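Me: I'm just starting out with protein structures, and I'd love a close look at one part of this one. Could you pick out a single helix and walk me through its surroundings, step by step?

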Amino acid sequence: MSIEQTFDNKSEPLIAPEKIYGLHEKIADICIVTFSHAVLEKVLKTYSCKKVANSATANGKIPVYHIEAKNVLFYMSPIGAAIAGTILDEVRCLTGAIKFIYFGSCGILDEGQCKGKIIVPAEAYRDEGFSYHFEKAGDYIKIKNAAELSEILDDLQIDNVIGKTWTTDAIYKETINNRNARKSDGCLCVEMECAGLQAICSYRNLELYQFLFGGDLLGDSSWARGTLGTDKEKSQQMSCFELALKIAEKI
C-alpha cells in the first residue's frame, strides 16, 4: 500500500491529548502563537502574562500564557509542521482555545508581489508529512479563513497579498528545480507549518488565521539571507504580534 493511501478516517485514533492531560475548562477562545523566542521574551516583559498550562515534551515544557488584559492565550511553538500541529492540538485540549493566530517569517519566491506586504496563505503545497494523516492526499490544502483574514488586514489598512505558499519539512532541500516548480504553480513564499496547521485545525473544527512576512529571498537562482536572523527581523516579528492582537479583536 502506498503511503498516500494510508489516510484513515474510519477508525478512532489510539491516543489523544485528552488521554494524557484529561479534560480542562475553557480559559479563552483565541490563542496567538509565535515561533520567535525574541517575541516570547518581549511579550513576557511587556504584558501581564499568567502561565495557565504546559504542553509537555521530552525536550521540556512549552508554557502557555494568558494575557489577561486582552483575554488571549499566547505561546511559542516549535518549528515544523508535525510538532507545531501536535502542540496546537494539546493547547486546544489544555485551554479550550478554538481560534489560533499564527505569524512568522518566510522565504520569498515572488518578491515583486510580496515586497513590503503581509502575506496571507490561501493554499499550501503539502511538501510535509503531517497533513496527510488528517486530510486525504493531494498537492494543496485550502486555508479556510484566508479571505476573511485579508479583509481584516484591509480594514486595518495593512498592505497584504493573498496567494499560495509552499510548506516543506526540509529547508536545506529547497532545490532550484523544486523552487521553479512552486513558482510556476504561483506560490508566493515558502515556510514549514501552514499545510499541517490547517489540516489539524480542519480535523478538530478549529479556526486558523495565519499571516507571514518576508525574511530570506529564494526567487532568483541564488539564496539571499535578507533580514533573516537580524534585529530588523526581530522588530518585524514583534510588530506582527501587535498586529495579531488587533486581529484577535476582530475574529
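Reply: Happy to help: we'll start with helix α5 and then follow its neighbours outward. Please keep in mind that this is a predicted model.

Let's begin with the helix itself. Helix α5 covers residues 146-155, and its buried residues are Ala146, Leu149, Ser150, Ile152 and Leu153. Looking down the axis of α5, you would find these buried residues within an arc of 155 degrees, so they line one face of the helix. What about the other side of α5? There, Glu151 and Asp155 are exposed.

Which elements do the buried residues of α5 pack against? Their partners are the strands β6 (118-127), β8 (160-168) and β10 (207-217), together with helix α8 (231-248). Keep β10 and α8 in mind, as both will come up again.

Now step off the end of the helix. α5 is followed by glutamine 157, which has a positive phi near 60 degrees, although this residue is not a glycine. Glutamine 157 sits in the loop between α5 and β8. Is glutamine 157 buried or exposed? Its relative accessible area is 73%, and exposed means over 50%, so glutamine 157 counts as exposed.

You can find a similar case beside β10. Asparagine 205 lies in the loop between α7 (194-204) and β10, and its phi is also positive, near 60 degrees, in a residue other than glycine. Asparagine 205 has a relative accessibility of 66%, so this residue counts as exposed.

Let's follow β10 to an aromatic pair. Phenylalanine 211 in strand β10 pairs with phenylalanine 103 in strand β5, and the two are 108 residues apart along the chain. How is such a pair described? For a pair of aromatic rings, one gives the distance of the centres and the angle of the planes. Here, phenylalanine 103 and phenylalanine 211 are 5.8 Å apart centre to centre, with 20 degrees between the planes, and the pair is stacked. Both phenylalanine 103 and phenylalanine 211 are buried. For contrast, look at phenylalanine 130 and phenylalanine 134: their pair is tilted, with 4.8 Å centre to centre and 45 degrees between the planes. Phenylalanine 130 counts as buried, at 11% relative accessibility. A search of the whole structure finds seven aromatic pairs.

The strands β5 and β10 also take us to the largest pocket. The largest pocket has a volume of about 810 Å³. Which elements give two or more residues to its lining? They are α2 (37-46), β5 (99-108), β9 (187-191), β10 and α8, so two partners of α5, namely β10 and α8, are among them. The largest share of this lining, four residues, comes from β5. In total, 26 residues line the largest pocket, and Ile79, Ser105, Met192, Asp216 and Leu228 lie nearest its centre. By class, this lining has twelve nonpolar, eight polar and six charged residues.

One last stop is the second largest pocket, with a volume of about 600 Å³. Among the residues closest to its centre are Phe134 and Tyr203, and Phe134 is the partner of phenylalanine 130 in the tilted pair. Helix α7 supplies at least two residues of this lining, as do α1 (17-21) and α3 (81-95). The most comes from α3, with four residues.

Key
Residues are numbered from 1 along each chain as its sequence is written. This is a predicted model: local features need pLDDT of at least 70, side-chain atom pairs count only at pLDDT 80 or more; totals for chains, interfaces and linings use all residues. Side-chain values use heavy atoms; hydrogens and water are left out. Buried means under 20% relative accessible area, exposed over 50%, partly exposed in between (1.4 Å probe, protein chains only). The arc is that of the directions from the helix axis to the C-beta atoms. Contact means heavy atoms within 4.5 Å. On a 1 Å grid over the protein atoms alone, a cavity is a set of points where a 1.4 Å probe fits but cannot get out, and a pocket is an open set with protein on both sides within 12 Å along at least five of seven lines; lining residues have an atom within 4 Å of a point. Grid points are joined across faces, edges and corners, and a volume is the space filled by probe spheres set on the points. Ala, Val, Leu, Ile, Met, Phe, Trp, Tyr, Cys and Pro count as nonpolar, Asp, Glu, Lys and Arg as charged, and the others, Gly among them, as polar. Rings of Phe, Tyr and Trp (its six-membered ring) pair if their centres lie within 6.5 Å; planes under 30 degrees apart count as stacked, over 60 as edge-to-face and the rest as tilted.
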